Amino acid sequence: MPQMMLPLSAGVVLSNDTQLIEAVMCKSISTLFLATGLFVSAISTGQAKTPIYCETTQILQTERHKITKSKNETFRMTVSKDMVAFGINGFTGGTNAFKISRFEKLTDWQADYDRFYISFLDGNFYFAAVFPHSSRAVSAKCQIY
């Protein structure tokens with residue numbers, strides 16, 4: 001019995017080639033988007049801010065050689081590898097951001113700027129600020145979430 005051959009036209013061959021090229025291009029574009037997404041995600045994760053919730057254990061202030069003690073407060077701060085941001089109206093005047101000068105790990109870092117010194121070690125937070133006629137010292141116990 002003789003075999004029947006179907007004739008292939010140039011249009012069918014082109015169509016198959018076009019489909020193959022489109023499939024390869026779609027896969028390439030998908031791979032590019034995936035790689036870009038992973039790259040952006042890695043950069044974002046590196047700059048991720050971790051929330052830390054604290055309660056002060058002591059707030060001491062000096063004003064013209066008189067010591068005053070304030071009531072304890074709770075506050076939230078965010079920490080990344082480069083920055084710490086927090087604020088308690090009683091001792092910082094609102095939310096402030098400070099560049100971290102030494103970052104070992106999330107539970108061990110220091111920041112200092114001009115008259116401010118901040119230290120964090122194993123859940124213990126210390127803040128000190130010195131001004132011409134006053135100073136503040138704050139300690140707090142913190143939890144990382």
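**Group meeting: loop, strands, rings and one disulfide**

Let's start in a loop. His65 sits between strand 1 and strand 2, in the loop that joins them. Keep in mind that this is a predicted model. The phi angle of His65 is positive, about 70°, although the residue is not a glycine. Is His65 buried or exposed? It counts as exposed, because its relative accessibility is 84% and the cut-off for exposed is over 50%.

Now Arg64. This residue belongs to the loop between strand 1 and strand 2 (66-69). Its phi is also positive, near 55°, and Arg64 is not a glycine either. Arg64 counts as exposed, with 54% relative accessibility.

Now the overall layout. The protein chain holds one helix and nine strands. Reading from the N terminus, the order is α-β-β-β-β-β-β-β-β-β. The chain has 145 residues, and 24% of them count as buried. The accessible surface is about 10500 Å². Carbon and sulfur atoms own 60% of that surface. Next, contacts with a separation of 6 or more. Of these, 38% are between residues 24 or more positions apart.

On to strand pairing. Strand 1 and strand 3 (residues 74-79) run antiparallel, joined by six bridges. One example is Glu55, whose bridge partner in strand 3 is Thr74. Strand 3 then pairs with strand 4 (residues 83-86). That pairing is antiparallel too, over three bridges. Here Thr78 has Ala85 of strand 4 as its bridge partner. What joins strand 3 to strand 4? A hairpin, through three residues.

Next, the disulfide. How many does a search of the whole structure find? One. It joins Cys54 to Cys142, with 2.1 Å from S to S. The link ties distant parts of the chain: Cys54 is in strand 1 (residues 50-63), and Cys142 is in strand 9 (residues 134-144). The two cysteines are 88 residues apart. As for handedness, the link of Cys54 and Cys142 is right-handed, with 110° about the S-S bond. Cys54 and Cys142 are both buried.

Now the aromatics. The search of the whole structure gives nine aromatic pairs. I'll take two. Phe75 and Phe86 have ring centres 6.1 Å apart. Why is this pair tilted? Because the planes of Phe75 and Phe86 stand at 45°, and tilted covers angles that are neither under 30 degrees nor over 60. Phe75 comes from strand 3 and Phe86 from strand 4, eleven residues apart. Phe75 is buried, at a relative accessible area of 5%. Phe86 is buried as well, at 1%.

The second pair is Trp109 with Phe120, and it is stacked. The centres are 5.4 Å apart, with 15° between the planes. Trp109 lies in strand 6 (residues 108-113), Phe120 in strand 7, eleven residues apart. Trp109 is buried, with a relative accessible area of 0%. Phe120 also counts as buried, at 0% relative accessibility.

Then there is a cluster. Which residues form it? Phe75, Phe86, Phe98, Phe116, Phe125, Phe127 and Phe131 make up one aromatic cluster.

Let's stop at one member, Phe116. It belongs to strand 7 (residues 116-121). Leave aside its neighbours within four places in sequence. Phe116 is then in contact with Phe98, Ala111, Phe127, Ala128, Ala129 and Phe131. There is a C-alpha distance to note as well. Phe116 and Val130 are 14 residues apart along the chain, and their C-alpha atoms are separated by 6.9 Å.

Last item, the core. The largest nonpolar core has 21 residues. Which of them touch the most other members? Met77, Val84, Phe86, Trp109 and Phe125. Several strands each supply at least two residues of this core. The list runs: strand 1, strand 3, strand 4, strand 5 (96-105), strand 6, strand 7, strand 8 (124-130) and strand 9. Two of our earlier names come back here: Phe86, from the tilted pair, and Trp109, from the stacked one.

That's the tour. Happy to go back to any of these residues.

Conventions: Residues numbered from 1 in each chain as written. Predicted model: local features only at pLDDT ≥ 70, side-chain atom pairs only at ≥ 80, totals over all residues. Heavy atoms only, no water. Disulfide = S-S within 2.5 Å. Helix = DSSP H or I, 4+ residues; strand = E, 2+ residues; numbered from the N terminus. Buried < 20%, exposed > 50% of the residue type's maximum accessible area, 1.4 Å probe, protein only. Pairing = 2+ DSSP bridges. Contact = heavy atoms within 4.5 Å. Areas by Shrake-Rupley, 256 points an atom, 1.4 Å probe, with all protein chains shown as cover. Phe/Tyr/Trp six-rings, centres within 6.5 Å; stacked < 30°, edge-to-face > 60°. Core = buried A, V, L, I, M, F, W, Y, C linked by side-chain atoms within 4.5 Å.
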